[in-house]
There are 2 protein chains.
Amino acid sequence: MDAKDKLLSHLRETIKLTNEEQSIVRDSYSETHLKKKEVLLFAGDVSNHMRFIAKGCLRAYHMDEEAKEHIVQFGIEGWWVNDLYSYLTCTPAKQFVQALEPTTVLQIHRDTLNELYEKVPAIERFYRLKFEKAYVALQDRTINSMSKSAEERYLEFRSKYRSIEQRVPQYMIASYLGITPEFLSALRKKIK
Amino acid sequence: MDAKDKLLSHLRETIKLTNEEQSIVRDSYSETHLKKKEVLLFAGDVSNHMRFIAKGCLRAYHMDEEAKEHIVQFGIEGWWVNDLYSYLTCTPAKQFVQALEPTTVLQIHRDTLNELYEKVPAIERFYRLKFEKAYVALQDRTINSMSKSAEERYLEFRSKYRSIEQRVPQYMIASYLGITPEFLSALRKKIK
DNA sequence: TCTATTTCTTAATACACCTTAAGATTAATG
DNA sequence: CATTAATCTTAAGGTGTATTAAGAAATAGA
């Protein structure tokens, strides 16, 4: 199954597409290959594409004034990763998006997507739901990080994203959780 | 200027509306009056309305397992306050929405709004932008709360929301910032 | 205006999490 | 392989923020 097949079967988990629509969709996305550590989106640039991970692993992270990185989101096969803020508002991204493994991404430009909405209305529905879910996930995370201890957040992360925990370095998980790698290491020791 | 005029002039900051459209919009929203402390939305219920504050002040807050309250959002005249999560997905709300002053709210039911989208297309545009902004604000807050100290967050809050700081109790600002009222009090003393 | 309630402050003590520094593992690369 | 680079752990000491308890100040209700 090639990258575009993966995208189509992903879309078809949510919406129905005729054969003709599938081929229009197929032609609307372009495939990009990233090496490990390669950056797909730089903070400061406007994010003009929606991005689907067909294979590999990405992270979105924010860099603060002291040049410290804060991981906002991980993504693996079947996920969408982006600085949605930037994409939706056409303002400079606040986040970087970077490959943590050799990664294959399917991208669609905002203009192409807007045309696609006209040609394949189900796609508009798909993205509306996608944006809603993104909001929900972000809200969960905000509430979570404000009302739970680092230990609770780590245990939740582990049960929710076991597959991610196994393939990204621990210090990045610490960054995602908002703690230092040293403290995560101590937590893990305590939990065992 | 009555509540519905306020709504209309608010909408017209973003979109254009003919006289006929304005009267359709006017008929689609219903006016609710809340006493201080009255709860407009209970966690556990599904939020079925979009809510515009014509006058007064609301807060949206989350209650954790230990019954501690975490304020997610304040709102005053001209703001929209809701548990968007619940509204968008028709799932039980995780947040309460409560009046902090005698408040006038204009509400529109999801079903009515969907009809209104058909009758007045500009309204759909208005809400799409609204949802985008909500996402942006939430993302800013998440990044902020993870990468800044309580003091920095407080100073930012003060410069950004001076009008809100002046009308809500300090312990609620503490809750919004994710700190205890005692610590906020200490911060304020230190800053002066 | 008086009283009750709500809100804010102070201060002592405690804990979660950070910083720094060093060394131990593990993984990547020539 | 050998070497370097990346990642993880340990430990000592420090800081930010919480907790508890009490009282002071402000506000609202009778």
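Here are some questions and answers on a predicted model with two protein chains and two DNA strands.

Q: How many helices and strands does chain A have?
A: Let's start with the overall build of chain A. The C-alpha trace of chain A spans about 55 × 35 × 30 Å along its principal axes. Its secondary structure comes to 9 helices and 7 strands.

Q: What is the radius of gyration of chain A, which has 192 residues?
A: A compact globule with 192 residues would have a radius of gyration near 16 Å. The value for chain A agrees with that, and it is 18 Å.

Q: What share of the contacts in chain A with a separation of 6 or more comes from residues 24 or more positions apart?
A: For context, buried residues make up 32% of the 192 residues in chain A. Turning to contacts with a separation of 6 or more, the part from residues 24 or more positions apart is 70%.

Q: Which kind of axis relates the two copies, chain A and chain B?
A: In general, two copies of a chain are related by a rotation about an axis and a shift along it. Here a rotation of 180° with 0.0 Å of shift superposes chain B on chain A, at an RMSD of 0.0 Å. The copies are thus related as by a two-fold rotation axis.

Q: What percentage of the contact residues of chain B recur in chain A?
A: The contact takes 21 residues from chain B and 21 residues from chain A. The same surface serves both copies, and the recurring share is 100%.

Q: Which element gives the largest share of the side of chain B that touches chain A?
A: The elements that give two or more residues to this side are β5 (69-76), α3 (84-89) and α5 (121-147) of chain B. By class, the residues on this side divide into 9 nonpolar, 8 polar and 4 charged. The largest share, 11 residues, comes from α5(B).

Q: Which residues touch the most other members of the largest nonpolar core?
A: In soluble globular proteins, nonpolar side chains tend to be buried together. The largest nonpolar core here has 78 residues. Leaving aside neighbours within four places in sequence, the contacts of L58(B) include L40(B), I53(B), V81(B), V97(B) and L100(B). The residues that touch the most other core members are L58(A) and L58(B).

Q: Is I108(B) buried or exposed?
A: I108(B) is found in strand β7 (residues 103-109) of chain B. Not counting residues up to four places away in sequence, I108(B) touches S28(B), Y29(B), H49(B), M50(B) and L113(B). A residue needs 20 or more other C-beta atoms within 10 Å to count as buried. With 22 such neighbours, I108(B) is buried.

Q: How far apart in space are I108(B) and N48(B), C-alpha to C-alpha?
A: In sequence, I108(B) and N48(B) are 60 residues apart. In space, their C-alpha to C-alpha distance is 8.2 Å.

Q: What is the phi of K37(A), roughly?
A: Most residues other than glycine have a negative phi. K37(A) is found in the loop between β1 (30-34) and β2 (39-41) of chain A, and it is exposed, with 10 other C-beta atoms within 10 Å. Although K37(A) is not a glycine, its phi is positive, at about 75°.

Q: Where in chain A is C90(A) found?
A: C90(A) is a residue other than glycine with a positive phi, near 55°. C90(A) is exposed, with 10 other C-beta atoms within 10 Å. Its place is the loop between α3 (84-89) and β6 (95-99).

Q: Which element gives the most to the surface near DNA strand D?
A: Of the 16 residues around DNA strand D, those that come nearest are P169(A), Q170(A), S185(A), I179(B) and F183(B). At least two residues each are supplied by α8 (170-177) and α9 (181-191) of chain A, together with α6 (150-160) and α9 (181-191) of chain B. With 6 residues, the element that gives the most is α9(A).

Q: Which element gives the most to the surface near DNA strand C?
A: DNA strand C is surrounded by 16 residues, the closest being A150(A), I179(A), F183(A), Q170(B) and S185(B). This surface divides into 7 nonpolar, 4 polar and 5 charged residues. α6 (150-160) and α9 of chain A, along with α8 (170-177) and α9 of chain B, each supply at least two residues. The most, 6 residues, come from α9(B).

Note on methods. Residues are numbered from 1 along each chain as its sequence is written. Chains are lettered from A and ligands numbered from 1 in the order in which they are written. This is a predicted model: local features need pLDDT of at least 70, side-chain atom pairs count only at pLDDT 80 or more; totals for chains, interfaces and linings use all residues. Two residues are in contact if their C-beta atoms, placed from the backbone, lie within 7 Å. Helices (H or I, at least four residues) and strands (E, at least two) are DSSP runs, numbered from the N terminus. Ala, Val, Leu, Ile, Met, Phe, Trp, Tyr, Cys and Pro count as nonpolar, Asp, Glu, Lys and Arg as charged, and the others, Gly among them, as polar. A nonpolar core is a set of buried Ala, Val, Leu, Ile, Met, Phe, Trp, Tyr and Cys residues joined through C-beta atoms within 7 Å. A residue is buried if 20 or more other C-beta atoms lie within 10 Å of its own, exposed if 12 or fewer, and partly exposed in between; C-beta atoms are placed from the backbone. Copies are superposed by least squares on the C-alpha atoms of residues with pLDDT of at least 70 in both. A residue is near a molecule or strand if its C-beta atom, placed from the backbone, lies within 6 Å of it. The radius of gyration is taken over C-alpha atoms; the globule rule is 2.2 Å times the number of residues to the power 0.38.
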